[in-house]
Amino acid sequence: MIKKKSRSEIRARKHRRMRNKLSGTTECPRLAVFRSNNHVYAQIIDDTVGKTLVAASTNEADVAKELDKTNNIEAAAYVGKVIAERATDKGIKEVVFDRGGFIYQGKVKALADAAREAGLEF
């Protein structure tokens with residue numbers, strides 16, 4: 001009998017495959033996105049030194065108080081706006097988008113579009 005792989009295993013495998021091609025540098029860091037069942041997380045990472053430069057999530061108190069729910073498309077768009085504002089405050093204008101093995105639709109797409117509208121380029 002053929003055993004079907006879980007969605008999380010498939011996503012992790014896709015992410016490993018993507019990370020072989022994607023890397024964030026000091027000039028152009030990586031915008032990594034993760035979504036759980038309850039929250040959306042985004043961080044901008046410099047992979048050359050392995051350091052997170054900017055982070056935002058619906059798990060933070062100041063972000064969560066602006067939202068009704070923390071696991072919908074509106075919440076993801078708000079996190080995209082917040083991460084872009086924090087990045088521009090640190091002088092980051094251009095990033096490489098890492099969707100984390102997730103399909104580019106729904107929450108991931110909303111976060112990316114909101115970050116682009118708020119000033120990030122990718």
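Contact here means that heavy atoms lie within 4.5 Å of each other. The structure examined in these exercises is a predicted model.

**Exercise 1. Overall architecture**

Determine how many helices and strands the protein chain has, and how its elements run from the N terminus on.

*Solution.*
Step 1. The count gives 4 helices and 4 strands in the protein chain.
Step 2. Read from the N terminus, the order of elements is α-β-β-β-α-α-β-α.
Step 3. The radius of gyration is 15 Å, close to the 14 Å given by the globule rule for 122 residues, so the chain is as compact as a globular protein of that length.
Step 4. Along the principal axes, the C-alpha atoms fill a box of roughly 55 × 35 × 20 Å.
Step 5. Of the contacts between residues at least 6 apart in sequence, 59% join residues at least 24 apart.

**Exercise 2. Surface and charge**

State what percentage of the 122 residues is buried, and describe the accessible surface and the charges of the protein chain.

*Solution.*
Step 1. Buried residues account for 35% of the 122 residues.
Step 2. The accessible surface amounts to about 7700 Å², and carbon and sulfur atoms hold 48% of that area.
Step 3. The chain carries 24 positive and 16 negative charges, whose mean positions are 11 Å apart.

**Exercise 3. The largest nonpolar core**

Identify the residues with the most contacts inside the largest nonpolar core, and the elements that give two or more residues to this core.

*Solution.*
Step 1. This core has 26 residues, and L31, I44, I83, L111 and L120 have the most contacts inside it.
Step 2. Two or more residues come from each of β1 (30-35), β2 (40-46), β3 (51-57), α3 (73-89) and α4 (107-117).
Step 3. The most is given by α3, which supplies 7 residues.
Step 4. I44 serves as an example: beyond four places in sequence, I44 touches P29, R30, L31, K51, T52, L53, V54, I83, A87, I92, V95 and L120.
Step 5. Among these partners of I44, L31, I83 and L120 also belong to the residues with the most contacts inside the core.

**Exercise 4. Helix α4**

Find which residues of α4 are buried, and what covers the buried residues of α4.

*Solution.*
Step 1. The buried residues in α4 are V108, A110, L111, A112, A114 and A115.
Step 2. Their cover includes β1, β2, α3 and β4 (96-98).
Step 3. An α-helix has 3.6 residues a turn, so residues three or four places apart point the same way.
Step 4. After α4 comes G119, with a positive phi near 125°.

**Exercise 5. Three residues compared by burial**

Classify F34, C28 and L67 as buried, partly exposed or exposed, and give the location and contacts of each residue.

*Solution.*
Step 1. Buried means under 20% relative accessible area and exposed means over 50%, with partly exposed in between.
Step 2. F34, in strand β1, has a relative accessible area of 37% and is therefore partly exposed. Beyond four places in sequence, F34 is in contact with R11, H39, V40, Y41 and F102. F34 and V108 are 74 residues apart in sequence, and their C-alpha atoms are 8.4 Å apart.
Step 3. C28 lies in the loop between α1 (7-19) and β1. With 16% relative accessibility, C28 is classed as buried. Outside its neighbours within four places, C28 is in contact with S23, E94, V95 and V96. From C28 to I44 the separation is 16 residues in sequence and 9.7 Å between C-alpha atoms.
Step 4. L67 belongs to the loop between α2 (61-64) and α3. Its relative accessibility of 15% makes L67 buried. Not counting residues up to four places away, L67 touches T58, E74, A75 and Y78. L67 and K5 are 62 residues apart in sequence and 34 Å apart in space, C-alpha to C-alpha.

Conventions. Residues are numbered from 1 along each chain as its sequence is written. This is a predicted model: local features need pLDDT of at least 70, side-chain atom pairs count only at pLDDT 80 or more; totals for chains, interfaces and linings use all residues. Side-chain values use heavy atoms; hydrogens and water are left out. A nonpolar core is a set of buried Ala, Val, Leu, Ile, Met, Phe, Trp, Tyr and Cys residues joined through side-chain atoms within 4.5 Å. Buried means under 20% relative accessible area, exposed over 50%, partly exposed in between (1.4 Å probe, protein chains only). The radius of gyration is taken over C-alpha atoms; the globule rule is 2.2 Å times the number of residues to the power 0.38. Accessible areas come from the Shrake-Rupley method with a 1.4 Å probe; for residues, only the protein chains shown count as cover. Lys and Arg count as positive and Asp and Glu as negative; His and the chain ends are not counted. The place of a charge is taken as NZ of Lys, CZ of Arg, CG of Asp or CD of Glu.
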